[in-house]
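Thanks for coming, everyone. I'll keep this brisk. Please look at the sequence and the structure as I talk.

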Amino acid sequence: MDRLCKIRDIQRAVNQFEQGFEKTYGICLNEGMALCSLLKAGSLSSGEIGELLGLTSSNNSKVIGSIEKKGLVERVIGTKDKRQMYFSLTPKGKELISSLKCEQIEIAPLLLELLERSGTAE
């Protein structure tokens, strides 16, 4: 029971962070994570993005559609298989992901503690 309550607290903290993140940068957390993944990989297929983010096909399509509509990513036809579509960051997407400063958004102490333990508190 205590773990369930702790998970609830973590979820609330993540939701609070996401609200601040979206208000500051105009993208939701899943969109930011997709951009981050593309920054690291260069280009990814829709399926690869969904797998990295742990999204259902439907949610993945919504996330990709949203960042594409915002001009943050572009579709690139596969070089080996012309039926395969890949996504990569546009200059606008690269600029946005490079400007993200999560430390400017209030992070609940519980999340800070978890990030520090994992060595990713920035």
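One term before we start. When I say helix, I mean a DSSP run of H or I of at least four residues, numbered from the N terminus. With that in hand, Gly54 can be placed: it sits in the loop that runs between helix 3, residues 46–53, and helix 4. And please remember that this is a predicted model.

Now the overall layout. The chain holds six helices and three strands. Their order along the sequence is α-α-β-α-α-β-β-α-α. Along the principal axes, the C-alpha atoms fill a box of roughly 50 × 30 × 25 Å.

Next, burial and surface. The chain has 122 residues, and 32% of them count as buried. Its accessible surface is about 8,300 Å². Carbon and sulfur atoms account for 52% of that surface.

Contacts and charges next. Take the contacts between residues at least 6 apart in sequence: 51% of these join residues at least 24 apart. As for charges, the chain carries 17 positive and 16 negative ones. The mean positions of the two sets lie 4 Å apart.

Let's go to a helix pair. How do helix 2 and helix 4 pack? Helix 2 covers residues 29–41, and helix 4 covers residues 57–69. Their angle is about 75°, and their axes are 10 Å apart. Angles of 65 to 115 degrees count as roughly perpendicular, so helix 2 is roughly perpendicular to helix 4. Who meets whom? On the helix 2 side, we have Asn30, Glu31, Ala34 and Leu35. On the helix 4 side, they meet Val63, Ser66 and Ile67.

On to strand 3, residues 85–89. Two of its residues deserve a look. Ser88 is one of them. Is Ser88 buried or exposed? Its relative accessibility is 12%, and the cut-off for buried is under 20%, so Ser88 counts as buried. What does Ser88 touch, leaving out residues up to four places away in sequence? The list is Leu38, Gly42, Ser43, Leu72, Val73, Glu74 and Val76.

Met85 is in strand 3 too. Its relative accessibility is 32%, so Met85 counts as partly exposed. Leaving out residues up to four places away in sequence, Met85 touches Ser45, Ser46, Arg75, Val76 and Ile77. Along the chain, Met85 and Leu44 are 41 residues apart. In space, their C-alpha atoms are separated by 8.5 Å.

Now some exposed positions. Back to Gly54 in its loop. Gly54 has a relative accessible area of 65%, and exposed means over 50%, so Gly54 is exposed. Gly54 and Glu74 are 20 residues apart in sequence, and C-alpha to C-alpha they are 21 Å apart.

Ser57 belongs to helix 4. Ser57 is exposed, at 63% relative accessible area. Ser57 and Ser46 are 11 residues apart in sequence and 8.8 Å apart in space, C-alpha to C-alpha.

Last one: Pro109. Where is Pro109 found? It is in helix 6, residues 109–118. With a relative accessible area of 66%, Pro109 is exposed. Pro109 and Gly54 are 55 residues apart along the chain, with 25 Å between their C-alpha atoms.

That's my tour. Questions, please.

Conventions:
Residues are numbered from 1 along each chain as its sequence is written. This is a predicted model: local features need pLDDT of at least 70, side-chain atom pairs count only at pLDDT 80 or more; totals for chains, interfaces and linings use all residues. Side-chain values use heavy atoms; hydrogens and water are left out. Helices (H or I, at least four residues) and strands (E, at least two) are DSSP runs, numbered from the N terminus. Buried means under 20% relative accessible area, exposed over 50%, partly exposed in between (1.4 Å probe, protein chains only). Contact means heavy atoms within 4.5 Å. Accessible areas come from the Shrake-Rupley method with a 1.4 Å probe; for residues, only the protein chains shown count as cover. Lys and Arg count as positive and Asp and Glu as negative; His and the chain ends are not counted. The place of a charge is taken as NZ of Lys, CZ of Arg, CG of Asp or CD of Glu. Axes are lines fitted to C-alpha atoms, for helices over the stretch in contact, and angles run from 0 to 180 degrees between N-to-C directions. Angles under 35 degrees count as roughly parallel, over 145 as roughly antiparallel, 65 to 115 as roughly perpendicular and the rest as oblique.
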